[in-house]
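Reader: Hi! Could you walk me through this one before I set anything up?
Author: Happy to, here it is.

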Amino acid sequence: MDKYLPRILDNVLDEHLQTFGAVYMRGPKWVGKTTTALQKANSSIKLQNPALDELREMGFSFISKRILEGKNPRLIDEWQLIPQTWDAVRYQVDEQAKKGLYILTGSTVPPDDETRHSGTGRISWITMYPMSLFESNESSGAVSLSLLFAKATLVNSEQSSMTVEELAFILCRGGWPNSVARKESDALLIGQQYITALAESDLSRVTDSRKSPQRILNLLASYARNVSTLADNRTIIQDVESTGISFSESTFHEYSNGLKRLFVIEDIPAWSPNIRSKTTIRAKAKREFVDPSLAVAALGLSPSRLLDDLKYMGFLFETLCIRDLRVYSQHLGGFISYYHDRYGLECDCVLHLRDGRFALIEFKLGGKLIDEGATHLLKLKSLLEENNLQAPSFLMVITAGKFAYQRKDGVLIVPLATLGP
């Protein structure tokens, strides 16, 4: 049995189990939800087990006891396969009035009617993402995101040992636990098989109707070509149609909503602080995959191909950085937006915390682009000050470079392979 690699979500899950009667862990398939939940559970049942089919056909009353009864915390894996499980868990939490009774896991966002009784105050929701570089032991974690929010300085000059060739491989491999520590040829198969499964079955299953595998593949490829950009729906639709496949706007929404329910794509919303006229601020969502390897697999790329196209590699680097920032900030209630106005002022990432603090962050592979990113951050900070708005906790350019340091103007330059929670 492979050794369990600790996840940052471990501590988040502990906190939620101590506070709520049940915890719903959601996220993409293959990210390790079940494995992580099993570290905390004292009993478990997997609802995808074919052995339960006969009981399932007899109705929920015949299977509810088997689902719910066991030593707590009890893991109910892929609970949405038997939708009545949600209300049954909520009822048990009310009846027993205890904390940490159940852990529910799921790889799709269930329809609204399956969680019509939200479970507020009883069932908490947490999202699990693919492994960050710190969790896969590829980032030293020497630069702590939590400490940056606390004091916003770099006391020591930290150094990254990651090469650009290693970064290209990581972008292709992704953060899937089953791919970490495997040889290159095996590791790269994970993302490819993920895309195949999406096209052949997963998206059709979650939308309850048979979808064209080729349409799905073409949509994923178009999304990948536009990753980390503000491409609008029409641009993506036209891109798909250029392959000779009809693709209406309603079809786009149906397919893309299904991909969001499967946690494959997670677009970034725009940040609209009360500056200038709101009509000057871009409101489109920025296109993002939950892991860069999915974009790579959708286009059939390889590490060597990425090294031949550093501009596109920069877009994928942004996806990787956003993935890791989501993971590192989760215990702080972090969420991400971006800023871009019609005057050309932009900020790749605004990282918000639940207490209202935020940081302005740019993503640059290296070179002269670092100065460009720092300039954007300083201009946006100045704009906030001019409008008497809250100042950011810090300004940071995340790079693929070697050294972490603080510039004279206060901007932090941090290699991704030195960043951690």
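Author: What follows is a short chat about pockets, a helix contact and an aromatic pair.

Author: First, this is a predicted model, where local features need pLDDT of at least 70, side-chain atom pairs count only at pLDDT 80 or more, and totals for chains, interfaces and linings use all residues. Residues are numbered from 1 along each chain as its sequence is written, and side-chain values use heavy atoms, with hydrogens and water left out.

Reader: Thanks! What volume does the largest pocket have?
Author: About 1200 Å³. A pocket here is an open set of points on a 1 Å grid over the protein atoms alone, where a 1.4 Å probe fits, with protein on both sides within 12 Å along at least five of seven lines. The volume is the space filled by probe spheres set on the points.

Reader: Which residues are the closest to its centre?
Author: Lys29, Trp30, Lys33, Glu78 and Ser107, out of 43 that line the largest pocket. Lining residues have an atom within 4 Å of a point.

Reader: And which helix gives the largest share of that lining?
Author: That's α8, with six residues. The lining divides into 20 nonpolar, nine polar and 14 charged residues. Ala, Val, Leu, Ile, Met, Phe, Trp, Tyr, Cys and Pro count as nonpolar, Asp, Glu, Lys and Arg as charged, and the others, Gly among them, as polar.

Reader: What about the second largest pocket, how much space is in there?
Author: About 530 Å³. Its lining has 24 residues, and Arg26, Thr127, Tyr129, Glu266 and Arg326 lie nearest the centre. By class, ten are nonpolar, seven polar and seven charged.

Reader: Back to α8: at what angle does it cross α11?
Author: Roughly 90°, with the axes of α8 (residues 184–207) and α11 (residues 249–261) coming within 9 Å. That makes the two helices roughly perpendicular, a label for angles of 65 to 115 degrees.

Reader: Which residues make the contact?
Author: On α8, Leu198, Leu203, Val206 and Thr207; on α11, Glu254, Tyr255, Gly258, Leu259 and Arg261. Contact means heavy atoms within 4.5 Å.

Reader: Switching topic, how many aromatic pairs are there?
Author: Twelve in the whole structure, where rings of Phe, Tyr and Trp (its six-membered ring) pair if their centres lie within 6.5 Å. In one of them, Tyr24 and Trp86 have ring centres 5.8 Å apart and planes at 85°, so the pair is edge-to-face, meaning over 60 degrees.

Reader: Where do those two sit?
Author: Tyr24 is in strand β1 (residues 22–26) and Trp86 in helix α5 (residues 85–96), 62 residues apart.

Notes: Axes fitted to C-alpha atoms, helices over the stretch in contact; angles between N-to-C directions. Helix = DSSP H or I, 4+ residues; strand = E, 2+ residues; numbered from the N terminus. Parallel < 35°, antiparallel > 145°, perpendicular 65-115°, else oblique. Phe/Tyr/Trp six-rings, centres within 6.5 Å; stacked < 30°, edge-to-face > 60°.
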